[in-house]
2 protein chains.
Amino acid sequence: MSAPIDFYFDFSSPYGYFMSEKIDEVAARYRREVRWRPYLLGAVYKKLGSQPLPNLPLKGPYSVRDFERSARFLGLSCRIPEAFPVATQHAARAFYWLADRDPALARRFALATLRAYFGDGRDISQLDAVLDLAAGLGVDRAALAAALDGDELKARLRAECEAAIERGVFGSPFVIIDGEPFWGVDRLPQIERWLEMGGF
Amino acid sequence: MSAPIDFYFDFSSPYGYFMSEKIDEVAARYRREVRWRPYLLGAVYKKLGSQPLPNLPLKGPYSVRDFERSARFLGLSCRIPEAFPVATQHAARAFYWLADRDPALARRFALATLRAYFGDGRDISQLDAVLDLAAGLGVDRAALAAALDGDELKARLRAECEAAIERGVFGSPFVIIDGEPFWGVDRLPQIERWLEMGGF
């Protein structure tokens, strides 16, 4: 059995959302597992001295158009929320807390959160929204709230972000297959060929 | 007859080079003409306060790997030259001088220049290299040298860069079809669908 594919994303990234709807299915076709790894693009921006795409001149207006067109191209629906981009540390921390207990549940939480944000426009930066989404999947709301309030989970996410950047990860989505890095949902055709051929 | 597709690129951009090897063929399949429009990414970097990809932390090392992998994926050969990226104002000015006289010749010059740079590693930032490439296609070397030395052609390229940015162009390749902008060679599948369906 090959090592799992790593799938890095930020909960506030439309391209990361698109990949989240595709990567498991593509990987399964080649009998590969996917390890979902939310992290914070903010940590990358700090390192690169850059900013979220929508804030940039020229790239900003283009990107909004490209988000929506790319969603249509991929057969997905996506409405850029009014609050965009937003801080996603609560969602990412909740994910890792769940992942340590039940990886499949953590993934359902991630998908539910991404769909709530990009489908229904819910502001997932809010602690209550994250707790509600988890509770809706049967998670103990009070236990998660306590964990999100503690230092341990904060340190955990910080370590995940540092490890990602240390590994060369800098975007969302960012997929690593057997050491080969792929940045962007537009690399899906290359990812498919890589999985099919074992490299090219 | 529909309006031509605009294809913006910088002579020092690998992704621009890849698109140059594809766009005419794709457009022809849908009976569309392509207007090649070299410009200077440096003008965009100044506007955005950004830098060439290879100079950036994290993105730099990834991009070199992605250039070569994307070339293989597209069935092209590409060796990143020792001098990379380079200034391309001589090549871009020569292109417009030729385009005003013989558009087909200008395109042959552009392709020859891109292939000399990304195929053979010739330093196309050098005036002599540009003159040699043009002369190799039968162009009057002395007349082109005189034009490249004059202010008129400098003003022309400056105006082309300003008009591109004014229009929202910021990358290479950057393709505009009936007002719809596509950034990156990885948008080729979307470009194809757009041409086929007249939008989506």
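In the predicted model, Ile5(B) stands opposite Val34(B), a residue of strand β2(B). A little further along, Phe7(B) has Trp36(B) of β2(B) as its bridge partner. These pairs belong to the contact between β1(B) and β2(B), residues 34-38 of chain B, where the two strands run parallel and are joined by 5 bridges. A general point helps when looking at such pairs: in a regular strand, side chains alternate between the two faces of the sheet.

Strand β1(B) also pairs with β3(B), residues 174-177, this time in the antiparallel sense and over 3 bridges. One of the residues involved is Tyr8(B), whose bridge partner in β3(B) is Phe174(B). How much of β1(B), residues 5-9, is buried? The strand is mostly covered, with 4 of its 5 residues counted as buried.

Stepping back to the whole sheet of chain B, 4 strands are arranged in the order β2-β1-β3-β4, forming an open sheet with mixed pairing. Strands β2 and β4 of chain B lie at the edges, each pairing on one side only. From one strand to the next, the twist averages 20 degrees.

Chain A can be read in the same order. Its open sheet consists of 4 strands, β2-β1-β3-β4, and the pairing is again mixed. Here the edge strands are β2 (34-38) and β4 (180-183) of chain A, each of which pairs on one side only. The twist in this sheet averages 20 degrees from one strand to the next. Within the sheet, β1 (residues 5-9) and β3 (residues 174-177) of chain A pair in the antiparallel sense over 3 bridges, and Phe7(A) has Val175(A) as its bridge partner in β3(A).

The helices offer two packing arrangements to compare by eye. In chain A, α5 (residues 89-99) and α6 (residues 103-118) pack at an angle of about 160 degrees, and their axes are 7 Å apart. Because of that angle, α5(A) is roughly antiparallel to α6(A). On the α5(A) side, the contact is made by Ala91(A), Ala94(A), Phe95(A), Leu98(A) and Ala99(A), which meet residues of α6(A) including Pro103(A), Leu105(A) and Phe109(A). By class, the residues of this contact divide into 10 nonpolar, 1 polar and no charged.

In chain B, attention turns to α5 (residues 89-99) and α9 (residues 151-166), whose axes are 9 Å apart and which pack at an angle of about 100 degrees. With that angle, α5(B) is roughly perpendicular to α9(B). Gln89(B), Ala92(B), Arg93(B), Tyr96(B) and Trp97(B) come from α5(B), and they meet Leu153(B), Lys154(B), Arg156(B), Leu157(B) and Glu160(B) of α9(B). This contact has 5 nonpolar, 1 polar and 4 charged residues.

How are the two chains related? A rotation of 180 degrees, with 0.0 Å of shift along its axis, superposes chain B on chain A with an RMSD of 0.0 Å. That is the relation of a two-fold axis. Which residue of chain B has the C-alpha nearest the axis? It is Asp186(B), at 3.0 Å. The same surface serves both copies, as 100% of the contact residues of chain B recur in chain A.

The meeting of the chains involves 19 residues of chain B in contact with 19 residues of chain A. On the chain B side, the elements that give two or more residues are α3 (41-48), α4 (59-73), β4 (180-183) and α10 (188-197). Among these, α4(B) gives the most, with 6 residues. Sorted by class, this side of chain B has 11 nonpolar, 2 polar and 6 charged residues.

Trp183(B) is a good residue on which to finish the tour. It is found in strand β4 of chain B. Why is Trp183(B) counted as buried? The reason is its 21 C-beta neighbours inside 10 Å, since a residue needs 20 or more to be called buried. Leaving aside residues up to four places away in sequence, Trp183(B) touches Gly171(B) and Phe174(B) as well as Tyr62(A). By contrast, Trp183(B) and Pro103(B) are 24 Å apart in space, C-alpha to C-alpha, and 80 residues apart in sequence.

Terms used
Residues are numbered from 1 along each chain as its sequence is written. Chains are lettered from A and ligands numbered from 1 in the order in which they are written. This is a predicted model: local features need pLDDT of at least 70, side-chain atom pairs count only at pLDDT 80 or more; totals for chains, interfaces and linings use all residues. Two residues are in contact if their C-beta atoms, placed from the backbone, lie within 7 Å. Ala, Val, Leu, Ile, Met, Phe, Trp, Tyr, Cys and Pro count as nonpolar, Asp, Glu, Lys and Arg as charged, and the others, Gly among them, as polar. Axes are lines fitted to C-alpha atoms, for helices over the stretch in contact, and angles run from 0 to 180 degrees between N-to-C directions. Angles under 35 degrees count as roughly parallel, over 145 as roughly antiparallel, 65 to 115 as roughly perpendicular and the rest as oblique. Copies are superposed by least squares on the C-alpha atoms of residues with pLDDT of at least 70 in both. A residue is buried if 20 or more other C-beta atoms lie within 10 Å of its own, exposed if 12 or fewer, and partly exposed in between; C-beta atoms are placed from the backbone. Two strands pair if DSSP finds at least two bridges between them.
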